[in-house]
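Student: I have a new structure to read. Could you take me through it step by step?

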Amino acid sequence: MFERFTADARGVVAGAVEHASRAGSPVVTEEHLLLALLDREGTRASFALTSLGVTDRRAELAEALAAGRRRGGMSRAEEDALAGLGISVQEIVARVEEAHGPGALSGETRGKAWPSGRPSFTKGAKKVLEKALGLAVARRQKHIGDEHLLLALAVLPGLAGEALAECGGTYASLTRLLSPPAA
């Protein structure tokens with residue numbers, strides 16, 4: 001599949017690996033892919049993120065990702081669903097952190113690196129790559145660009161997509177900006 005990736009998409013994947021390595025994570029997550037997309041300049045995805053003001057809200061996005069990690073990777077939608085059942089995620093987080101320390105639910109040590117020491121990809125990150133391929137095929141495009149990775153992050157459920165949407169990068173708004181011109 002990586003042979004269909006453009007240089008920009010490969011740059012995002014390499015950047016995600018760098019983000020994971022710098023964070024000391026043995027795995028590459030959807031969050032790392034999103035942060036790598038925000039690092040890029042002069043690409044279709046960076047144009048869309050800048051146009052929607054997401055790039056200017058990077059600090060806010062990073063805070064939302066950190067808050068989600070603190071909740072064990074649970075999205076706000078999942079937290080709201082549990083609240084509807086009378087379960088307070090914030091209370092659970094507070095009790096766990098009281099007993100085990102701050103960030104105990106963050107799951108930072110989940111996953112295993114390759115024997116070479118390179119981080120492996122989580123199931124969620126692999127789903128993003130697979131969805132990017134599906135989006136490219138659906139658009140009858142032979143390449144997978146960074147724009148496909150961005151759209152995949154936006155359309156898939158989870159913390160990264162939710163944080164992206166909260167900062168203005170909804171799937172609908174990104175699709176409008178990244179749709180190929182009508183022939």
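Student: In which helix do E18 and R22 both lie?
Tutor: This is a predicted model. E18 and R22 are four residues apart, about one turn of the helix. They form a salt bridge, with the closest N and O atoms 3.8 Å apart. The helix that holds both is α1 (residues 7-22).

Student: Is R22 buried or exposed?
Tutor: Start with its partner, E18, which is partly exposed at 47% relative accessibility. For R22 the relative accessible area is 59%. Exposed means over 50%, so R22 is exposed.

Student: How many salt bridges does a search of the whole structure find?
Tutor: The pair E18 and R22 is one of them. Another joins the side chains of R44 and E147, at 3.4 Å from N to O. The search of the whole structure gives a total of seven.

Student: How many residues apart are R44 and E147?
Tutor: R44 sits in helix α3 (residues 44-51). E147 sits in helix α8 (residues 146-155). The pair links distant parts of the chain, and the separation is 103 residues.

Student: Is E147 buried or exposed?
Tutor: R44 is partly exposed, at 34% relative accessibility. E147 has a relative accessibility of 4%. The limit for buried is under 20%, so E147 counts as buried.

Student: Which residue forms a salt bridge with R71?
Tutor: The closest N and O atoms of this pair are 3.5 Å apart. R71 is buried, and its partner is buried too. That partner is E79.

Student: Which residues is E162 in contact with, leaving aside its neighbours within four places in sequence?
Tutor: E162 belongs to helix α9 (residues 159-166). E162 is buried, with a relative accessible area of 17%. The C-alpha atoms of E162 and S75 are separated by 7.0 Å, though these residues are 87 apart along the chain. The contacts are R71, S75, R76 and A77.

Student: How many helices and strands does the protein chain have?
Tutor: Read along the sequence, the pattern is α-β-α-α-α-α-α-β-α-α-α-α. Each α in it is a helix and each β a strand. That comes to ten helices and two strands.

Student: What share of the residues of the protein chain count as buried?
Tutor: The chain has 183 residues. It exposes about 9900 Å², and carbon and sulfur atoms supply 56% of that area. The share of residues that count as buried is 42%.

Student: Which residues touch the most other members of the largest nonpolar core?
Tutor: This core has 41 residues. α1, α2 (30-39), α3, α4 (58-70), α7 (123-138), α8, α9 and α10 (171-178) each supply at least two of them. Take L150: beyond its neighbours within four places in sequence, its contacts include L37, A45, L49, L164 and L174. The residues that touch the most other members are L61, L149, L150, L164 and L174.

Student: Which residues form a nonpolar patch on the surface?
Tutor: One member, L85, lies in the loop between α5 (76-84) and α6 (89-100). L85 counts as exposed, at 68% relative accessibility. Together the patch residues have about 290 Å² of accessible area. They are L85, I87 and I92.

Key: Residues numbered from 1 in each chain as written. Predicted model: local features only at pLDDT ≥ 70, side-chain atom pairs only at ≥ 80, totals over all residues. Heavy atoms only, no water. Salt bridge = Lys/Arg side-chain N within 4 Å of Asp/Glu carboxyl O. Buried < 20%, exposed > 50% of the residue type's maximum accessible area, 1.4 Å probe, protein only. Contact = heavy atoms within 4.5 Å. Areas by Shrake-Rupley, 256 points an atom, 1.4 Å probe, with all protein chains shown as cover. Core = buried A, V, L, I, M, F, W, Y, C linked by side-chain atoms within 4.5 Å. Patch = residues over 30% accessible without salt bridge, like charges linked within 9 Å, V, L, I, M, F, W, Y side chains within 5 Å.
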